[in-house]
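Open the model in your viewer and keep the selection box at hand. The tour goes from strands to ligands to domains.

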Amino acid sequence: MSYNQEDQYSLCVKCGKCRSVCPVFHELNEEGASPRGKITLVQAIFDNKLEPSKRTKKFISECLLCTACVAVCPNNVQTDLLVLSAREKLADYEGNKLIETALTKFVFAKTDVSFRLASVTEQALGKKLDSESGIFYRLPTNRIVPEVRRVKFSSSRKNRYTYKTKTGFFLGCLIDFIYHDIVEDTVKLLESSGKKPYIPKDQACCGLPALSMGNVEQAAKQARAVMSLFDNTDMIVTACGSCGSMMKNYYKFLFDDAEDKKKAERFAEKVKDIVEVIDQGIFVNEGHASDLITYHDPCHLKRGMNVSKKPRMLIGEAGYKILEMKAPDRCCGLGGAFNIKHRKLSTAITKEKIDDIHSTGAAIVATGCPGCMANISAMLIEQDLNVKVVHTVNLLVKALKKNTAS
Ligand code: SF4
Ligand code: SF4
């Protein structure tokens, strides 16, 4: 990564404030699992004082990139960037397990192929489960996963938005392959706010999964492809907090070349979450107050894109009442590959989120990230809890004024 690690780790004064908010440290309670411990490890790795080992790699991989630690750090140490740099450095460590190499080099590097394979596999081997939040499959491994479409939205006939306008809409893999209703509702909200969306055909991955596995070269390749799709647009809208944060915060660290870096910085300025560009006053409060909602702040939307008040404000304007969780901005435990590599740990963190949701008494969880939606839904189904998970746009569309809805 094009990033000066030393500038960062030398800022850490070892105060330990970050430990209190780290979901991983909360579960494991050992220094190596804490943000402070990770920073010490990263420093030793980059100062060549520590040989790569399975143990070091394990600690560095035990991070959700949730940035809760960054938010409370008095010196603004960017632990997420340090962890990503260390993952890059350790990516080719020969002690890698086969599964890790497969995830790094194939599954997360070739997401289009992976999603198509997932679609075929779940339909061949999975048991279909219908829930209020959509269709899910229970795989033979007992894992619950949402239905993956055979054809992604951007390449399908449903994509009637290929005429180039100034408002680009980047879908991201999960929305493109799974949540087509989010595309349709986002389009309605954009149109109601006077913006004609442009959805480039054959969109691909933003590169976050590859980056999170330490494959920076692949992530840079994917970032270049995404940026070139949106040449000549004034803004790039997303409804996925993780894709949005990747494009806004991480693209610039993928390139050594000054021109590429500048291009990534200019691109980042144009990236907006859908709720940031929705006009106020387009909703009618038709008394949804009896729909009890709780709102989950996706890590990358709240801390990555600084979007947390606006969704609540719009949900309120649309007439819904929000019952707040004790910790609405605590990570849901997904963390991309974290959830595959550290299944038990991820499940324990998700369980705490589910308990928090359940204790509000809400019947609906709204959120702004399809990854959180899939992860939270799966555990709600597993625990047989009658709580529906929706994207914020799904709620807002229902309250559009008739003359603004198209
Ligand atoms: S990362 Fe920040 S909060 Fe954590 S120990 Fe270092 S200075 Fe303190
Ligand atoms: S990013 Fe999240 S999981 Fe990683 S060290 Fe910081 S608080 Fe812990």
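Two strands count as paired if DSSP finds at least two bridges between them. Keep that in mind for the first stops. The model is predicted.

**Stop 1: the first hairpin**

Select residues 127-131, strand β1, and residues 134-138, strand β2. The two run antiparallel, and five bridges join them. Together, β1 and β2 make a hairpin, with two residues between the strands. Now pick Ser131. Which residue in β2 is its bridge partner? Gly134 is the partner.

**Stop 2: the second hairpin**

Keep β2 selected and add β3, residues 144-146. These strands also run antiparallel, joined by three bridges. Click Arg138, then Ile144 in β3: the two are bridge partners. Five residues lie between β2 and β3 in this hairpin. Stop at Asn142 in the turn, and check its phi: the angle is positive, about 80 degrees.

**Stop 3: ligand 1**

Move to ligand 1 and show its surroundings. How many residues are around ligand 1? There are 14. Label the nearest ones: Cys12, Cys15, Lys17, Cys18 and Cys73. Next, colour by element. Helix α3 gives the most to this shell, with three residues. Then colour by class: the shell around ligand 1 has eight nonpolar, three polar and three charged residues.

**Stop 4: ligand 2**

Go on to ligand 2, which 15 residues surround. The closest are Cys22, Pro35, Cys63, Cys66 and Cys69. Which elements give two or more residues to this shell? Select α2 (23-28), α3 (35-46), α5 (68-72) and α6 (79-90). By class, the shell around ligand 2 has 11 nonpolar, two polar and two charged residues.

**Stop 5: the two domains**

Zoom out. Colour residues 7-94 as domain 1 and residues 292-397 as domain 2. Taken over C-alpha atoms, the domain centres are 26 Å apart. Now show the contact between the domains: domain 1 brings 12 residues and domain 2 brings 12 residues. On the side of domain 1 that touches domain 2, the elements that give two or more residues are α2 and α5. That side of domain 1 divides into eight nonpolar, two polar and two charged residues.

**Last look**

Leave α2 and α5 highlighted. Both give two or more residues to the shell around ligand 2, and both do so on the side of domain 1 that touches domain 2.

Methods
Residues are numbered from 1 along each chain as its sequence is written. Chains are lettered from A and ligands numbered from 1 in the order in which they are written. This is a predicted model: local features need pLDDT of at least 70, side-chain atom pairs count only at pLDDT 80 or more; totals for chains, interfaces and linings use all residues. Helices (H or I, at least four residues) and strands (E, at least two) are DSSP runs, numbered from the N terminus. A residue is near a molecule or strand if its C-beta atom, placed from the backbone, lies within 6 Å of it. Ala, Val, Leu, Ile, Met, Phe, Trp, Tyr, Cys and Pro count as nonpolar, Asp, Glu, Lys and Arg as charged, and the others, Gly among them, as polar. Domain bounds come from an automatic or database domain assignment. Two residues are in contact if their C-beta atoms, placed from the backbone, lie within 7 Å.
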